[in-house]
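Here are a few exercises to work through with the model open in your viewer. Try each task before reading its solution.

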Amino acid sequence: MELKRVVVTGLGALTPIGNNVPDFWEGLTNGVSGAAPIKGFNTEKFKTKFACEVKNFNPEDFLEKKEARKLDPFVQYALVATDEAVKDGGFDFEKLDTNRIGVIWGAGIGGLKTFLDEISNFAKGDGTPRYNPFFIPKMIIDIAPGHISIKYGLRGPNFATVSACASSTNAMIDAFNYIRLGMADVIISGGSEAIINEAGMGGFNAMHALSTRNDDPQTASRPFDKDRDGFVAGEGAGTIILEELEHAKARGAKIYAELVGGGMSADANHITAPHPEGLGAKMVMTNALKDAGLTTADIDYINVHGTSTPLGDISETKAIADLFGEDAYRLNISSTKSMTGHLLGAAGAIEAIAAILSVQNDIVPPTINHFTDDPAFDPKLNFTFNKAQKREVRAALSNTFGFGGHNASVIFKKYED
């Protein structure tokens, strides 16, 4: 069976450094930090008092007030990013077979704000269960693709993937496979997350996972810097619309790039720590390259997981050096989490958008906030520190790794007819 080709025909983004794709890309290429003191709740007693929140966002600018109240922020974000992607892709669903158009979405945690609010209200009461009837349908992760399919009348494959911070990359890989196997023509994919609240920040603080650089939030996310001290929490959504090539050409769609491979693996090592030698990371990149029919010499840019944690950055870099060998020295490597923070289940989606736009524009966004070299890293590697670099990007690989040892990678390359 000959596999069908899959291309990217629509993008949407709602991020801490831009509320649409053009602004997001401008923020990335200009090295803008999205970190700032948290505005969403009182952080006085919290170890970490800052995050990368979505800014100047009012759901009622996009949704009716009554509808918005029935949706957790992670679903609001998903709908807004998808609206941009659908318009960007020029889709008129009334003219397409919606039985062959699906939605596969990723989130690591889902409706945490809804869960927090409802349980807090119950705890303040007399024990009588007075829950909002929308409690469960606001909270569950699969409600995001459900709402997207309902809005547009899409009856193809519809589900959510959950693999912590690898969730939306796994969603893209599933979408990729459904299309290339001929089971769908178009799939709206991506991910969303909204955990910047008392439960999310308190929980990650309890794990000692977050940076506590409260005196300088904007430079707190420091991937590959000697003084990195944890990740910075982010929120938002990214939508990537994947389409079978001939279907896209038939409707005259613009094509950003071609998705050519996806890889998955498990560390099988620890619930939160990566394998110290990067074995799972090496395997997932190997699997993605094999799936794409490419070699290490074909990759020009890796958007790394690069969370700014002491162990994670070292493990991933070991994997790259081991797999790529001498080819590692002509690569550009960068962590866009230095600007957006870590969007957890949505990280793979917005970082895939960064990879896609790097392929389209031949620009590699930087790893900002680099101040002090860490001797743990090979100085000959190009981490694209502090400033974007122009270069030909024939193909870009994007890595996402999640708690539980889940690893997923995707590869985008320039589209050639």
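A polar contact here is a pair of N or O atoms within 3.5 Å; within protein, one must be able to donate a hydrogen and the other to accept it, and residues adjacent in sequence count only if both atoms are side-chain atoms. This is a predicted model, where local features need pLDDT of at least 70 and side-chain atom pairs count only at pLDDT 80 or more, while totals for chains, interfaces and linings use all residues. Residues are numbered from 1 along each chain as its sequence is written, and side-chain values use heavy atoms, with hydrogens and water left out.

**Exercise 1.** Work out which side chains make polar contacts with the side chain of Lys-254.

*Solution.*
- Step 1: go to the loop between helix 9 (245-250) and strand 8 (257-266), where Lys-254 sits. Helices (H or I, at least four residues) and strands (E, at least two) are DSSP runs, numbered from the N terminus.
- Step 2: pick out the side chain of Asp-88, in polar contact with that of Lys-254 at 2.6 Å.
- Step 3: add Tyr-256, whose side chain has a polar contact of 3.2 Å with the side chain of Lys-254.
- Step 4: widen to contacts (heavy atoms within 4.5 Å). Beyond neighbours within four places in sequence, Lys-254 touches Val-8, Thr-9 and Asp-88.

**Exercise 2.** Is Cys-165 buried or exposed?

*Solution.*
- Step 1: take the cut-offs: buried is under 20% relative accessible area, exposed over 50%, partly exposed in between (1.4 Å probe, protein chains only).
- Step 2: with a relative accessible area of 8%, Cys-165 is buried.
- Step 3: check what surrounds Cys-165: leaving out neighbours within four places in sequence, its contacts include His-305, His-342 and Phe-401.
- Step 4: look at the record: UniProt, in an unreviewed entry, lists Cys-165 under "active site". UniProt positions follow the numbering used here, feature names are shortened, and annotations may be inferred rather than shown by experiment.

**Exercise 3.** Describe the interface of domain 1 and domain 2.

*Solution.*
- Step 1: split the protein into domain 1 (7-251) and domain 2 (266-407); the bounds come from an automatic or database domain assignment.
- Step 2: count the residues in contact, 63 from domain 1 and 55 from domain 2.
- Step 3: about 4300 Å² is buried between the domains, with carbon and sulfur atoms giving 68%. Buried area is the accessible area (1.4 Å probe) that two parts lose on being put together, summed over both.
- Step 4: look for salt bridges (a side-chain nitrogen of Lys or Arg within 4 Å of a carboxyl oxygen of Asp or Glu); three cross this interface.
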